[in-house]
Amino acid sequence: MIDFTQLVLASHNAGKLKELQAMLGESVHLRSIGEFSSVEPEETGLSFVENAILKARNAARISGLPALADDSGLAVDFLGGAPGIYSARYADGQGDAANNAKLLDVLKDVPEAERGAQFVCVLALVRHADDPLPILCEGLWHGRILTQASGEHGFGYDPLFWVPERNCSSAELSPAEKNQLSHRARAMDLLRQRLSLK
Ligand SMILES: O=P(O)(O)OP(=O)(O)OP(=O)(O)OC[C@H]1O[C@@H](n2cnc3c(O)ncnc32)[C@H](O)[C@@H]1O
Ligand SMILES: [Mg+2]
């Protein structure tokens, strides 16, 4: 049985680290890959699963530790699932504010009923860089895209994502509430079951 009390998180996104560490609790120490390297691997896959595995293997290789990767994004129905795996690069690498501005602009004439979207999260855990059997867990969160940003919490597209079950944007949820409901929380529930963590 592998010791998962110390895992490297294959992500340079501080928002993910915070959320995943909060979900895992104190029994697992998540170390950021940023402690080992500032070089981000190119995300060359065509799916969330491929990119998650690629990031996990890269982090395990660099750190020598078991590695957890999170590949996630926003799939907008009206855009046929875009920006999807390209969510972080939607506005050509100009960051969250530019990504959000571009999404609002692209959807500016789209009525509310056609603004459905899902956040997607795939978690991949590898025991070592060449692990032939990565553990894969997926979570989806259904909502819709607002016509203007609202809320200060979270990161990325959270201010644009309307959460029907709470009648607010995901950036208006407290961090603890988001961590109960989100795509990442759902994927993490499955991972905890797979690892027999409580
Ligand atoms: O690849 P790493 O280093 O993990 O960090 P990243 O930010 O590049 O992460 P991704 O490649 O998985 O891209 C995810 C994109 O989807 C957005 N995203 C993912 N989860 C989100 C969440 O919970 N709330 C808001 N936006 C989210 C995020 O802001 C990015 O633009
Ligand atoms: Mg990325």
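Here is a walk through the fold, the pockets and the cysteines of this protein.

Keep in mind from the start that this is a predicted model. The protein has five helices and seven strands. Read from the N terminus, the elements run β-α-β-α-β-α-β-β-β-β-α-α. So you begin with strands and helices taking turns, then meet a run of strands, and end on a pair of helices.

How does the overall size look? The C-alpha trace spans about 50 × 35 × 25 Å along its principal axes. A compact globule of 198 residues would have a radius of gyration near 16 Å, and the protein comes in at 17 Å, so the two agree. Of the 198 residues, 49% count as buried. Contacts tell a bit about how the chain folds back on itself: taking those with a separation of 6 or more, 60% are between residues 24 or more positions apart.

For a feel of distances inside the fold, pick Ala22, which lies in helix α1. Ala22 is exposed, because its relative accessible area is 51% and the cut-off for that label is over 50%. Ala22 and Ala69 are separated by 47 residues in sequence, and their C-alpha atoms are 16 Å apart in space.

Now for the empty space. Rolling a probe the size of a water molecule over the atoms shows where such space is left. The largest pocket has a volume of about 680 Å³, and 30 residues line it. If you want to centre your view there, go to Asn13, Lys16, Glu43, Ser87 and Ala88, the lining residues that lie nearest the pocket centre. Three elements give two or more residues to this lining: β3 (67-76), α3 (96-106) and α5 (183-194). Of these, β3 gives the most, with four residues. What is the chemical make-up of the lining of the largest pocket? It divides into eight nonpolar, 11 polar and 11 charged residues.

The second largest pocket has a volume of about 190 Å³. Its lining holds 13 residues, and Gly15, Lys18, Glu19, Gly154 and Pro175 are the ones nearest the centre. Helices α1 (14-24) and α4 (175-181) each supply at least two residues here, with α1 providing the largest share, four residues. Helix α1 is also the one that carries Ala22. By residue type, the lining of the second largest pocket splits into four nonpolar, six polar and three charged.

Last stop, the cysteines. How many disulfides does the structure hold? The count is zero. Why does Cys121 not pair up? The closest cysteine sulfur to that of Cys121 belongs to Cys137, and the gap is 9.3 Å, which is too far for a bond, since a disulfide needs the two sulfur atoms within 2.5 Å. Cys121 is also buried, with a relative accessible area of 0%. Cys168 has its closest cysteine sulfur in Cys121, 20 Å away, so that pair is too far for a bond as well. Cys168 counts as buried too, because its relative accessibility is 12% and the label applies under 20%.

Definitions and conventions
Residues numbered from 1 in each chain as written. Chains lettered and ligands numbered in written order. Predicted model: local features only at pLDDT ≥ 70, side-chain atom pairs only at ≥ 80, totals over all residues. Heavy atoms only, no water. 1 Å grid on protein atoms, 1.4 Å probe; cavity = no way out; pocket = protein on both sides within 12 Å on 5 of 7 lines; lining within 4 Å. Points joined across faces, edges and corners; volume = space filled by probe spheres on them. Nonpolar A, V, L, I, M, F, W, Y, C, P; charged D, E, K, R; others polar. Buried < 20%, exposed > 50% of the residue type's maximum accessible area, 1.4 Å probe, protein only. Rg over C-alpha atoms; globule rule 2.2 N^0.38 Å. Contact = heavy atoms within 4.5 Å.
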